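Please explain how this protein chain is put together, moving from single residues to the chain as a whole. An account in running paragraphs, suited to a first-year student, is requested.

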Amino acid sequence: RATCVENAVFVAAGSDPFQLLERSFQAVADRLQTFRVRTAKEAPPTLDCFGWCTWDAFYSEVDGAGILAGVRSLREVGTPARTLIIDDGWQDATLPEQTAHYPAWVLAIVRFFNRKVEF
């Protein structure tokens, strides 16, 4: 049971909500020393790579055939996805090693992306 809580509340005021958030996050970062704000971080190189998330196309109806068709169609029109996020919109906290097997289409997607070809 905690007897003391430090740094539990932060209050700030301002007329520009964007500047207020920027200054507030910086103040909290300076105080806690547990994180850095976005402007103090280097952007990862993958940020400039085109990616595709299946949620935009399929919502919760994700399947392997649709994913392969989507990736292929992007490649055919000259916009190949360099990052693929398979998202069916449902969060699952099950770790992969706790799952007995993956659907065959997941393995097909992994094989497709692991090939040493330009996709």
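In this predicted model, Tyr 59 is found in the loop that joins helix 2 (54–58) to helix 3 (64–76). Leaving aside residues up to four places away in sequence, Tyr 59 touches Thr 54, Asp 87 and Asp 88. The last of these contacts shows how the fold brings distant parts of the sequence together: Tyr 59 and Asp 88 are 29 residues apart in sequence, yet their C-alpha atoms are 5.8 Å apart in space.

Thr 54, one of the residues that Tyr 59 touches, belongs to helix 2. Is Thr 54 buried or exposed? Its relative accessibility is 0%, so Thr 54 counts as buried. Its surroundings include many residues: with residues up to four places away in sequence again set aside, Thr 54 touches Tyr 59, Val 62, Ile 67, Leu 84, Ile 85, Ile 86 and Asp 87.

The aromatic rings of this region come next. A pair of aromatic rings is described by the distance of the centres and the angle of the planes. Two aromatic pairs are counted when ring centres must lie within 6.5 Å of each other. In one of them, the ring centres of Trp 52 and Phe 58 are 6.0 Å apart and the planes stand at 70 degrees, so this pair is edge-to-face. The other joins Trp 55 to Tyr 59, with 5.2 Å from centre to centre and 85 degrees between the planes; this pair is edge-to-face as well. Planes over 60 degrees apart count as edge-to-face, which is why the angle decides the matter. The two tryptophans may also be described by their accessibility. Trp 52 has a relative accessible area of 13% and is buried, whereas Trp 55, at 34%, is partly exposed.

Helix 3 follows the loop that holds Tyr 59. Helix 3 consists of 13 residues and spans 18 Å from its first C-alpha to its last, close to the 18 Å expected at 1.5 Å a residue. Its buried residues are Gly 64, Gly 66, Ile 67, Leu 68, Gly 70, Val 71 and Leu 74. Among them, Ile 67 is a residue that Thr 54 touches. Just after helix 3, Gly 78 has a positive phi of about 85 degrees.

Helix 1 lies earlier in the chain and can be examined in the same manner. Helix 1 covers residues 17–32, which makes 16 residues, and its first and last C-alpha atoms are 22 Å apart, close to the 22 Å expected at 1.5 Å a residue. Which residues of helix 1 are buried? They are Leu 20, Ser 24 and Ala 29. Viewed down the axis of helix 1, these buried residues fall within an arc of 155 degrees, so they line one face of the helix. The face turned away from this buried side carries the exposed residues Phe 18 and Glu 22. A general point helps in reading such patterns: an α-helix has 3.6 residues a turn, so residues three or four places apart point the same way.

Ser 24 offers a closer view of the buried face. Its relative accessible area is 13%, under the 20% limit, so Ser 24 is buried. Apart from residues up to four places away in sequence, Ser 24 touches Phe 10 and Ala 12. At the start of helix 1, a side-chain oxygen of Asp 16 comes to within 2.9 Å of the backbone nitrogen of Phe 18.

The backbone angles around helix 1 also deserve attention. Most residues other than glycine have a negative phi. Gln 33, which follows helix 1, is not a glycine and has a positive phi near 60 degrees. Gln 33 is placed in the loop between helix 1 and strand 1 (51–53), and its relative accessibility of 63% makes it count as exposed. Asn 7, in the segment before helix 1, likewise has a positive phi of about 60 degrees although it is not a glycine. With a relative accessible area of 40%, Asn 7 is partly exposed.

Finally, the chain may be considered as a whole. Its secondary structure comprises four helices and two strands, arranged from the N terminus in the order α-β-α-α-β-α. Of its 119 residues, 18% count as buried. The protein chain exposes about 9900 Å², of which carbon and sulfur atoms supply 56%. Among contacts with a separation of 6 or more, 60% are between residues 24 or more positions apart; the pairing of Tyr 59 with Asp 88, 29 residues apart in sequence, has such a separation.

Definitions and conventions: Residues are numbered from 1 along each chain as its sequence is written. This is a predicted model: local features need pLDDT of at least 70, side-chain atom pairs count only at pLDDT 80 or more; totals for chains, interfaces and linings use all residues. Side-chain values use heavy atoms; hydrogens and water are left out. Rings of Phe, Tyr and Trp (its six-membered ring) pair if their centres lie within 6.5 Å; planes under 30 degrees apart count as stacked, over 60 as edge-to-face and the rest as tilted. Buried means under 20% relative accessible area, exposed over 50%, partly exposed in between (1.4 Å probe, protein chains only). The expected span of a helix is 1.5 Å times one less than its number of residues. The arc is that of the directions from the helix axis to the C-beta atoms. A polar contact is a pair of N or O atoms within 3.5 Å; within protein, one must be able to donate a hydrogen and the other to accept it, and residues adjacent in sequence count only if both atoms are side-chain atoms. Contact means heavy atoms within 4.5 Å. Accessible areas come from the Shrake-Rupley method with a 1.4 Å probe; for residues, only the protein chains shown count as cover.
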